[in-house]
Amino acid sequence: YQRRVHGVKRERSHFILCEFSGRLKLVLSNAFAQSIRLSVLEQQFKYISEATKDIAPLQQKTGRIPVDWTTLAINRTLGSLDSIKREMYLSHIGDVSDLYWNNDDLGDTLAEARGYLEIEDRVKSLARKIELVRRQLQGLVVEQHAQAAMVDHRRAIRREWYIILLIAYEAIAKEIFDVGKLVKHLLGL
């Protein structure tokens with residue numbers, strides 16, 4: 001199955017313009033630029049995906065979310081994901097310029113080129129992947145907060161027991177070492 005873009009002939013991985021219209025070149029360069037920018041964002045996401053790929057298998061194996069990531073590392077990774085998503089939407093990769101809306105032939109050619117380059121599908125796929133990794137990292141943050149709260153609770157209970165033991169020690173020491181009672185007892189008073 002080979003998709004055909006109006007005014008362009010494709011041989012293997014090369015595109016040959018059948019007509020030399022400046023408008024056609026503008027449309028195709030726009031589509032290729034969007035595809036290349038999307039490829040860069042996909043590559044950036046691939047690095048993040050590789051770094052986070054062990055989260056789900058460890059969770060499946062242990063039944064717990066692994067928390068060997070520091071909060072700083074999680075926040076940096078979440079920031080990187082937000083940066084990719086922001087760049088994807090602010091660089092108008094998924095948008096079609098007004099120029100193409102006003103010219104039906106240019107709009108059709110751009111739609112064909114974008115369809116051939118699978119830009120819309122790639123944008124949706126990348127957005128879904130970003131959201132999946134984002135949810136995993138947010139789960140790590142929740143797990144870290146829960147573990148920190150549990151540790152704080154244990155420490156609070158331990159401090160309460162220390163206080164109870166100190167009060168008991170003080171009461172015992174007061175009874176045993178009360179000099180006034182000891183003197184009265186020895187003098188027979």
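Let's start at R64, which is partly exposed, with a relative accessible area of 46%. Keep in mind as you look around that this is a predicted model. R64 sits in the loop between α2 (55–62) and α3 (71–90). Leaving aside residues up to four places away in sequence, R64 touches L58, Q59, E143 and Q147. There is also a link to follow across the sequence: R64 and L140 are 76 residues apart along the chain, yet 9.7 Å separates their C-alpha atoms.

From here, let's turn to the nonpolar interior. In soluble globular proteins, nonpolar side chains tend to be buried together. The largest nonpolar core of this model has 29 residues, and the members that touch the most others are L38, F45, L81, I84, M88, L126 and L137. Four elements each give two or more residues to this core, namely α1 (22–52), α3, α5 and α6. F45 is a good residue to click on next. Its contacts, not counting residues up to four places away in sequence, are L81, I84, L126, K129, I130 and V133. Of these partners, L81, I84 and L126 are themselves among the core residues that touch the most other members.

Staying with α1, have a look at S39, which lies in that helix. S39 counts as partly exposed because its relative accessibility is 34%, a value between the cut-offs of 20% and 50%. The side chain of S39 makes a polar contact with the side chain of R122, at 3.0 Å. The backbone offers a second distance to check here: the C-alpha atoms of S39 and I119 are 9.8 Å apart, although their positions lie 80 residues apart along the chain.

Just before I119 comes a backbone detail to inspect. E118 is not a glycine, but it has a positive phi of about 55 degrees. You will find E118 in the loop between α5 (104–116) and α6 (119–176). E118 is partly exposed, and its relative accessible area is 44%.

Finally, let's follow α6 to a nonpolar part of the surface. I157, W161, Y162, I164 and L165 form a surface patch there, and together they have about 550 Å² of accessible area. One of them, L165, belongs to helix α6. L165 is exposed because its relative accessible area is 53%, which is over the 50% cut-off. So our walk ends with nonpolar residues on the surface, after a visit to the largest nonpolar core.

Terms used: Residues numbered from 1 in each chain as written. Predicted model: local features only at pLDDT ≥ 70, side-chain atom pairs only at ≥ 80, totals over all residues. Heavy atoms only, no water. Buried < 20%, exposed > 50% of the residue type's maximum accessible area, 1.4 Å probe, protein only. Contact = heavy atoms within 4.5 Å. Core = buried A, V, L, I, M, F, W, Y, C linked by side-chain atoms within 4.5 Å. Patch = residues over 30% accessible without salt bridge, like charges linked within 9 Å, V, L, I, M, F, W, Y side chains within 5 Å. Areas by Shrake-Rupley, 256 points an atom, 1.4 Å probe, with all protein chains shown as cover. Salt bridge = Lys/Arg side-chain N within 4 Å of Asp/Glu carboxyl O. Polar contact = N/O pair within 3.5 Å; in protein donor to acceptor, adjacent residues only side chain to side chain.
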